[in-house]
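Thanks for making time this morning. Please put the model up on the screen, and I'll walk through it.

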Amino acid sequence: MTRSSGYALLSAMVALIVALSAAIYVGVATDDGSTDQRNTVAQGAAPQHNPAAPASTGTWVGAWSTSPAGAEPGTETEGMAGRSVRNVVHSAIGGTSARITLSNLYGQSPLTITHASIAVAAGSDTAAASAQTMRRLTFGGNTTVVVPAGGQVMSDAVRITIAYGSDVLVTTYSPTRSGPVTYHPHARQVSYVAVGDLAEDVTGTAYTEQTSYWRYLTALDVLSNESDGTVVVLGDSLTDGITSTQGANHRWTDGLSDRLRTAIEAGRDLPRYSVVNQGISGNQVLANGLGRPADNQSGLGRFGRDVLGRTNVKVVVIDLGVNDILRNPNLADPDKILDGLRTMVRQAHARGIKVVGATLMPFQGHRGYTGAREDVRQRINAAIRDGKVYDAVVDFDEALRDPYNPRRLRSDYDSGDRLHPSDKGYARMAEAFDLEDLKGSAPAEL
C-alpha cells in the first residue's frame, strides 16, 4: 500500500466514525423514553415558526387524551375540507415542550393536513390564543402531513410553556376532502371551527362555529418536570363525564388529577403522575359497536391503542362493565365480563403497569334496570372486592349508593337519569379514590 493510499484509507475511516457518532447522538437526543410507536407519514414544505426539538429536560407524559369513538355523521364526503378545526383541551400537567397525536381511524381516504398549530388559550371559553404562545407544528420536519386511512400520526416536539390546568388550542387545517371525520362526540368542552386556513390566527374572531366534539386530535403530550408518568383511566360514560357541567372540567378524572396535585404540594409521599381520560360513552368490555372499523370499539379491542399506546403509562384505572349489563339484549354473563377485565389486567401486567379497578355503581330507576341485571352487577362487584380481578380497588358503588337503598344512587349524587352522577357525584368518585393505590408497580402475580 502506498503512503497516499494509506492516508486516503485513514481519512475514510475517520469520516465513517464521525458519521456514526453523529447518528448515535441524534438517535439518543430524540428518544423520549416511551414505547409509543405511532406511524408518521409526512410530506410538504420546510418548517416555519417552529422552535424545534426541546432544549429543556424532563419526562414525556400525557397531559390530555381522548379516545376516537366513531365517524362523525354528515362528514362522509367532505370531511372538514377548507375549514380550520380548533380543538380546546385542558392540560392535566405543566410542561416546557409539547407534541400532539392526530387520528384518521375512521377515515376512508388519506387525511391531508397542510397547517397545524398549538397555543395556550387567552382565557376560558374562547378561541383566542395568547399571542406569544402560538407555534406552528411540523411532522417529520414538514408542515404538511398525510394521515393514512385508519392511521394516526404524532407531531414533532415544539417548545411551548404550558401551565397545569390551562386550556390549550390545537388547530388543524385540511384543504381537501377526506371522508368521514374521526371524532369524540361527548367532549363536555366547546371547541371551534373557522372557514379558511386560520390555523395561526390568534384573535379567534373568525371561529364563529362552536362544537361539542373533539375532531382528529387524540393526545397532547408534554415534556414535564412536574410528572414522572401517566395514569390512564379507561371507562364508559361515567368516565367520559357525560352529565358533568360543560366546560367546567368536572369529570371525576379531573377531580382525581386535582386531588393528586394538591396532595403532592402538601408534602405527601405520592407518585407525581398526570391523569388522562380514555372514556367513551356507551363503551363495553366485550362488545363493539357497528361498522368497520367498529364505532365505540370494546375495551378489550382498544386497550392496546388507548392504554398501552399512551405515553409513559404507569397505572391504568378501569371502570367498565355497566354497559355490558345494560345493553345486552339477553342477560349478561358475569363470568365473561370478568374474564374480559382480567385479560386487560394481564396485558397491562405484561408491560409492568399496575391496574386499579372500580366496582360497578347502582342503576335502579334507570329504564334498563331489572332484578336479574342487578344480580349480575352484584356478582361482578363481589369478585372485584375479593381481589380476584385487579391489583387495587376503588369502590365507587359503596361511595355513591343510597345507604337506605343500595340498588340506586344517592339522590344528590344522581344527575337525574338514575345512572350518571351529578357534578357532586363525580366529585365524590374522585374523593373515593385512595391515592396510595397509585404507588408501586404491577405484581408478579395477581
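Helix H4 and helix H6 cross in a right-handed sense. One reminder as we go: this is a predicted model. Helix H4 covers residues 299–308, and helix H6 covers residues 334–349. Their axes lie 10 Å apart, and the packing angle is about 25 degrees. Angles under 35 degrees count as roughly parallel. H4 and H6 are therefore roughly parallel to each other.

Stay on H6. What is the angle between H6 and helix H7? The two cross at roughly 40 degrees. H7 runs over residues 371–385, and the axes of H6 and H7 come within 9 Å. H6 and H7 are therefore oblique to each other. The handedness of the crossing of H6 and H7 is right-handed.

Now the sheets. Start with the open sheet of six strands. Read across it, and the order is S7-S6-S11-S3-S13-S14, with antiparallel pairing. Which strands stand at the edges? Those are strand S7, residues 135–136, and strand S14, residues 209–211. Each has a single partner strand, so one side of each has no neighbour in the sheet.

Look inside that sheet at S3 and strand S11. S11 spans residues 167–174. Eight bridges join S3 to S11, and the two run antiparallel. For a landmark, find Val89, which sits opposite Val168 in S11.

There is also an open sheet of three strands. Its order is S2-S12-S15, and the pairing is antiparallel. Strand S2, residues 70–71, and strand S15, residues 214–215, are the edge strands. Each of them pairs on one side only. Strand S12 takes in residues 182–184. Two bridges connect S12 with S15, in antiparallel fashion. Here the landmark is Tyr183, with Arg215 of S15 opposite.

On to the spaces in the model. The second largest pocket has a volume of about 310 Å³. It is lined by 27 residues. Which of them are closest to its centre? They are Trp64, His90, Arg251, Thr253 and Asp254. Four elements come up when you trace the wall, each giving two or more residues. Two of them are strand S1, at 59–65, and strand S3, at 83–90. The others are helix H3, at 252–265, and strand S18, at 273–279. So S3 appears twice in this talk: it is in the six-strand sheet, and it helps line this pocket. What classes of residue make up the lining? Polar residues number 13, nonpolar ten and charged four.

Last, the closed space. How many cavities of 30 Å³ or more does the count give? One. The largest cavity holds about 40 Å³ of space. Its lining is Asp236, Ser237, Leu238, Val322, Asn323, Leu326, Leu419 and His420. Helix H2, residues 237–240, and helix H5, residues 322–326, each supply at least two of the lining residues. H5 gives the largest share, three residues. By class, that lining has four nonpolar, three polar and one charged.

To recap the helices: H4 and H6 are roughly parallel, while H6 and H7 are oblique. Over to you for discussion.

Terms used:
Residues are numbered from 1 along each chain as its sequence is written. This is a predicted model: local features need pLDDT of at least 70, side-chain atom pairs count only at pLDDT 80 or more; totals for chains, interfaces and linings use all residues. Side-chain values use heavy atoms; hydrogens and water are left out. On a 1 Å grid over the protein atoms alone, a cavity is a set of points where a 1.4 Å probe fits but cannot get out, and a pocket is an open set with protein on both sides within 12 Å along at least five of seven lines; lining residues have an atom within 4 Å of a point. Grid points are joined across faces, edges and corners, and a volume is the space filled by probe spheres set on the points. Ala, Val, Leu, Ile, Met, Phe, Trp, Tyr, Cys and Pro count as nonpolar, Asp, Glu, Lys and Arg as charged, and the others, Gly among them, as polar. Two strands pair if DSSP finds at least two bridges between them. Axes are lines fitted to C-alpha atoms, for helices over the stretch in contact, and angles run from 0 to 180 degrees between N-to-C directions. Angles under 35 degrees count as roughly parallel, over 145 as roughly antiparallel, 65 to 115 as roughly perpendicular and the rest as oblique. A crossing is left-handed if the near helix is turned anticlockwise from the far one by less than a right angle, and right-handed if clockwise.
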